[in-house]
Amino acid sequence: MIVPAKRITIIGMGLIGGSLGLALRAAQGANIRITGVDVSEDSLNTARLLGAADDITTDSKAAVKDADIVFLCTPVLQAAALAKEIAPYLKQGAIVTDTCSTKSYLMQQIAFLLPAGIHYIPGHPMAGREKSGIEAADAALFDNKWYILTPKQTADKRAVALVRQVINLTGARITVMEAGQHDVCTALISHVPHIGAAALVNLLAYSEDQDSSIKLAGGGFRDTTRIASSNADMWADICMTNAAPIVDSLDKFNQLITQITQAIREGDRARVHNFFTTAKKRRDGLLQLELSASEQPLSNGH
Ligand SMILES: NC(=O)c1ccc[n+]([C@@H]2O[C@H](COP(=O)([O-])OP(=O)(O)OC[C@H]3O[C@@H](n4cnc5c(N)ncnc54)[C@H](O)[C@@H]3O)[C@@H](O)[C@H]2O)c1
Ligand SMILES: O=C(O)C(=O)C[C@]1(C(=O)O)C=C[C@@H](O)C=C1
């Protein structure tokens, strides 16, 4: 399908912006023109070389003038600042969207920035990896992954439909939810796990025999800490812009850690056993759920 959005500007040609450019290029060929913007000229040159962008520039204001859709693909705090910077240069009817991992903060920031006749449709792909930058970009990154949209109820229906059409091209599965609900859910299933993984790695610093511990680290350590290699800029912004839901989940997590610590200290095998049995049942159930969901036909036509 050829989408009516001919000119797309992607600001932030890193892992997510680069993957988006590659996925749109793979789906639309020369039917769309992609302008890539970044502060790094090296990233821009690589993006053009890979085919993720046709035109490249470090000037975000000039890059958005003719755009039908602008994707903000930088860390959250940068995206808020960029929205303010580009607002006066957008053409009437243009759509601004983003891929940032937290939604309520950005929606509050952007709500009063954009002139009338310009539409903001917030988004967040639940797809990524622990590597950042254009070098890690992959055209298939979004394939069959959830892509969450959190438009306001009053958002322009035509704009939402157009963003859906473009996202569809990446092979992602689209779901729409309210921003607050998004932030609570992602704190639990993404933000706190990343903090947990980083804490596990930082725990090594407390080891009196770090070298042997690291040498012995096997599958368990690797599986639970892969995401600790993620980009600190991105994660600091996520924590600053979704503080309340993250702190709430961390408080509950701390309670669980306190409970299991006590049970082990007291030698209460039954309680320790119950801790692991409950987790195993839940995790096995999750895998089963994922499997049956992946067998369902997708609602967005893929
Ligand atoms: N990495 C993931 O797994 C993942 C998944 C889903 C969503 N996200 C979100 O997508 C966004 C991008 O993440 P990423 O993983 O692609 O990060 P990244 O570090 O790979 O890429 C970000 C790019 O933005 C550029 N940039 C930063 N500030 C800029 C500015 N002011 N103007 C122009 N360019 C600027 C950087 O140079 C970099 O190339 C973040 O908001 C993140 O929360 C990330
Ligand atoms: O797979 C990974 O490496 C990720 O961390 C991806 C992940 C996640 O937590 O699932 C990270 C942050 C994003 O906002 C969305 C996806």
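**Exercise 1. Polar contacts of ligand 2**

Task. In this predicted model, determine how far a backbone N or O atom of Glu130 lies from an oxygen atom of ligand 2, and identify which polar side-chain atoms lie by ligand 2 oxygen atoms.

Solution.
Step 1. The backbone of Glu130 places an N or O atom 3.5 Å from an oxygen atom of ligand 2.
Step 2. A polar atom in the side chain of Ser101 is 2.7 Å from an oxygen atom of ligand 2.
Step 3. The side chain of Ser190 has an N or O atom 2.6 Å from an oxygen atom of this ligand.
Step 4. Alone, ligand 2 exposes 370 Å², and the protein buries 83% of that area.

**Exercise 2. The shell around ligand 2**

Task. State how many residues lie around ligand 2, how they divide by class, and which elements and domains supply them.

Solution.
Step 1. There are 14 residues around ligand 2, and those that come nearest are Ser101, His124, Ser190, His194 and Arg226.
Step 2. By class, this shell holds 6 nonpolar, 5 polar and 3 charged residues.
Step 3. At least two residues of the shell come from each of E7, H7 and H10.
Step 4. Domain 1 (7-178) and domain 2 (182-295) each provide at least three residues of the shell around ligand 2.

**Exercise 3. The setting of Ser190**

Task. Locate Ser190 in the secondary structure and decide whether Ser190 is buried or exposed.

Solution.
Step 1. Ser190 belongs to helix H7, which spans residues 179-203.
Step 2. The relative accessible area of Ser190 is 13%. Buried means under 20%, so Ser190 is buried.
Step 3. Leaving aside residues up to four places away in sequence, Ser190 touches Met126 and Trp235.

**Exercise 4. The shell around ligand 1**

Task. Describe the residues that surround ligand 1, and explain where ligand 1 lies with respect to the two domains.

Solution.
Step 1. Ligand 1 is surrounded by 27 residues, of which Ile16, Asp38, Thr74, Ser101 and Gly133 are the closest.
Step 2. The shell comprises 14 nonpolar, 11 polar and 2 charged residues.
Step 3. Helix H1 (15-28), helix H4 (76-86), strand E7 (123-125) and helix H10 (232-241) each contribute at least two residues. H4 gives the most, with 3 residues.
Step 4. Three backbones place polar atoms by oxygen atoms of ligand 1: Ile16 at 2.8 Å, Thr74 at 2.7 Å and Arg129 at 3.3 Å. Of the 830 Å² of accessible area that ligand 1 has on its own, the protein covers 87%.
Step 5. Both domain 1 (7-178) and domain 2 (182-295) give residues to this shell, so ligand 1 lies between them.

**Exercise 5. The two domains**

Task. Give the division of the chain into domains, the separation of the domain centres and the extent of their contact.

Solution.
Step 1. The chain is divided into domain 1, residues 7-178, and domain 2, residues 182-295.
Step 2. Taken over C-alpha atoms, the centres of domain 1 and domain 2 are 30 Å apart.
Step 3. In the contact between the domains, 19 residues of domain 1 meet 18 residues of domain 2.

**Exercise 6. Thr102 and its partner**

Task. Place Thr102 in the chain, classify Thr102 as buried or exposed, and identify which side chain makes a polar contact with the side chain of Thr102.

Solution.
Step 1. Thr102 is situated in the loop between E5 and helix H5 (104-111).
Step 2. With a relative accessible area of 0%, Thr102 is buried.
Step 3. The polar contact joins the side chains of Thr102 and Thr241, at 2.8 Å.
Step 4. Beyond residues up to four places away in sequence, Thr102 touches Val76, His182, Asp183, His191, Ile238, Thr241 and Asn242.

**Exercise 7. Ile95 and Asn144**

Task. Decide for Ile95 and for Asn144 whether each is buried, partly exposed or exposed, and state what is noted about the phi angle of Asn144.

Solution.
Step 1. Ile95 is in strand E5, residues 95-98. Its relative accessible area is 0%, so Ile95 is buried.
Step 2. Not counting residues up to four places away in sequence, the residues that Ile95 touches include Asp68, Ile69, Val70 and Ile121.
Step 3. Ile95 and Asp156 stand 61 residues apart in sequence, with 9.8 Å between their C-alpha atoms.
Step 4. Asn144 is in the loop between E7 and strand E8 (146-149). Its relative accessibility is 38%, so Asn144 counts as partly exposed.
Step 5. Although Asn144 is not a glycine, its phi is positive, at about 65°.

Terms used. Residues are numbered from 1 along each chain as its sequence is written. Chains are lettered from A and ligands numbered from 1 in the order in which they are written. This is a predicted model: local features need pLDDT of at least 70, side-chain atom pairs count only at pLDDT 80 or more; totals for chains, interfaces and linings use all residues. Side-chain values use heavy atoms; hydrogens and water are left out. Helices (H or I, at least four residues) and strands (E, at least two) are DSSP runs, numbered from the N terminus. Buried means under 20% relative accessible area, exposed over 50%, partly exposed in between (1.4 Å probe, protein chains only). Contact means heavy atoms within 4.5 Å. A residue is near a molecule or strand if one of its heavy atoms lies within 4 Å of it. A polar contact is a pair of N or O atoms within 3.5 Å; within protein, one must be able to donate a hydrogen and the other to accept it, and residues adjacent in sequence count only if both atoms are side-chain atoms. Accessible areas come from the Shrake-Rupley method with a 1.4 Å probe; for residues, only the protein chains shown count as cover. Ala, Val, Leu, Ile, Met, Phe, Trp, Tyr, Cys and Pro count as nonpolar, Asp, Glu, Lys and Arg as charged, and the others, Gly among them, as polar. Domain bounds come from an automatic or database domain assignment.
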